[in-house]
Amino acid sequence: MAVADGRAGSSDGKLWGLCRLPFWQAGTSGAGGGGGTSSTNSSSSLTHHQHHHGSGQLGGVLGPRAQQSSGANSVSSVARSILPTRRRLRLDPPNKLYFPYEPGKQVRSAIRIKNTSKSYVAFKFQTTAPKSCFMRPPGAILSPGESIIATVFKFVEHPENNEKPLLDQKNKVKFKIMSLKVKGPMEYVPELFDEHKDQVSIEQILKVVFLDSERPSTQLEKLKRQLAEAEAALEARKKPAEDSGPRIVGEGLVIDEWKERRERYLARQQVEGAVDSV
């Protein structure tokens, strides 16, 4: 009987110990050696739960605006590093400058530059051979949609050993066109690009290609047309603007009075000359 009571007490102790275990260990406490593993797993899951809950509280303290701001900054930085810079100018030809090959002479090339953006844009030429090349104009400011044909001058040196080089081949001389967004119409000065270096974009690196001036080609014909347009535009800029507006009365009176004074002066000179001759 005592043995039976002892067994019952032992059974009651086990039952009471089972009731004192946490609820997540109740299902595996009687599995022998597996009880310790279950306890360890439960503790790790509890720690993960607390860590996740703490992160949620931290996010609540920072607020959704801070999270969105950090996410937007990271996305924008990644986009700037991956996406290419948007070009403001359209070039024709797009990446080459064609020159007729005439050794010992100064030859010309032409390129059309168009502002395709919605703002005013300044552009500037640079070259690796400033002593033998120059541009007209070397830079300018274009309004939205405006285009200009720039003329590039280059002196062609004689080849070494009087050997004719291979034409239609790329030359070592290169040109670079840079662009800068400006606030509005203003006078172009090269210092703009020095003052705003962080906003300057490289539009294109232009490579020099020589053409046989005695052999007809589509590039040579196009070059002649662009040069003719550039010359016509230059002559048009040289001509003074015609005054199509109303004539200013004050200016006309001044001119008429000056004419009358000059006529009286000439008449007086004639009279004095006649008296002296007598």
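## Close-up views of a predicted model

**Figure 1. Aromatic pairs in the chain.** A search of the whole structure finds three aromatic pairs. Keep in mind, as you look at each view, that this is a predicted model. A pair of aromatic rings is described by the distance of the centres and the angle of the planes. One of the pairs joins F123 and F125: the ring centres lie 6.2 Å apart and the planes meet at 85°, an edge-to-face arrangement. Both of these residues, F123 and F125, are buried.

**Figure 2. The stacked pair of F134 and F153.** Here the ring centres are 4.6 Å apart and the planes differ by 5°, so F134 and F153 count as stacked. The pair links distant parts of the chain, with F134 in strand 5 (residues 133-136) and F153 in strand 7 (residues 147-155), 19 residues apart. Are the two partners buried or partly exposed? F134 is partly exposed because its relative accessibility is 40%. F153 has a relative accessibility of 8%, so F153 counts as buried.

**Figure 3. Strand 4 and its neighbour, strand 6.** Strand 4 covers residues 120-127, and six of its eight residues are buried. How many bridges join strand 4 to strand 6? There are four, and the two strands run antiparallel, with strand 6 made of residues 139-142. To find one of these bridges, start at F123: its bridge partner in strand 6 is A140.

**Figure 4. Helix 4 and its buried face.** Helix 4 runs from residue 218 to residue 238. At 1.5 Å a residue, its 21 residues should span 30 Å, and the end C-alpha atoms are 31 Å apart, which agrees. Which residues of helix 4 are buried? They are L220, L223, Q226, L227, A230 and L234. Seen down the helix axis, the buried residues fall within an arc of 125°, so they line one face of helix 4. On the other side of the helix you can find T218, R225 and A236, which are exposed. The buried residues of helix 4 pack against several strands, among them strand 1 (89-92), strand 2 (96-100) and strand 3 (106-115). Strand 5 and strand 7, the homes of F134 and F153, are also among the strands that these buried residues pack against.

**Figure 5. S201 and its partner R88.** S201 sits in strand 9, which holds residues 201-211. Its relative accessibility is 11%, so S201 counts as buried. What does the side chain of S201 make with the side chain of R88? The two side chains make a polar contact at 3.4 Å. Strand 9 also takes part in the packing shown in Figure 4, as one of the strands that the buried residues of helix 4 pack against.

**Figure 6. V189 in a loop.** V189 lies in the loop between strand 8 (170-182) and helix 3 (191-195). Because its relative accessibility is 31%, V189 counts as partly exposed. Look across to I141 as well: V189 and I141 are 48 residues apart along the chain, and their C-alpha atoms are separated by 9.3 Å.

**Figure 7. Setting the close-ups in the whole chain.** The protein chain has five helices and nine strands. Read along the sequence, their pattern is α-α-β-β-β-β-β-β-β-β-α-β-α-α. Of the 278 residues of the chain, 26% count as buried. Among contacts with a separation of 6 or more, 73% are between residues 24 or more positions apart.

Definitions and conventions. Residues are numbered from 1 along each chain as its sequence is written. This is a predicted model: local features need pLDDT of at least 70, side-chain atom pairs count only at pLDDT 80 or more; totals for chains, interfaces and linings use all residues. Side-chain values use heavy atoms; hydrogens and water are left out. Buried means under 20% relative accessible area, exposed over 50%, partly exposed in between (1.4 Å probe, protein chains only). A polar contact is a pair of N or O atoms within 3.5 Å; within protein, one must be able to donate a hydrogen and the other to accept it, and residues adjacent in sequence count only if both atoms are side-chain atoms. Two strands pair if DSSP finds at least two bridges between them. Rings of Phe, Tyr and Trp (its six-membered ring) pair if their centres lie within 6.5 Å; planes under 30 degrees apart count as stacked, over 60 as edge-to-face and the rest as tilted. The expected span of a helix is 1.5 Å times one less than its number of residues. The arc is that of the directions from the helix axis to the C-beta atoms. Contact means heavy atoms within 4.5 Å.
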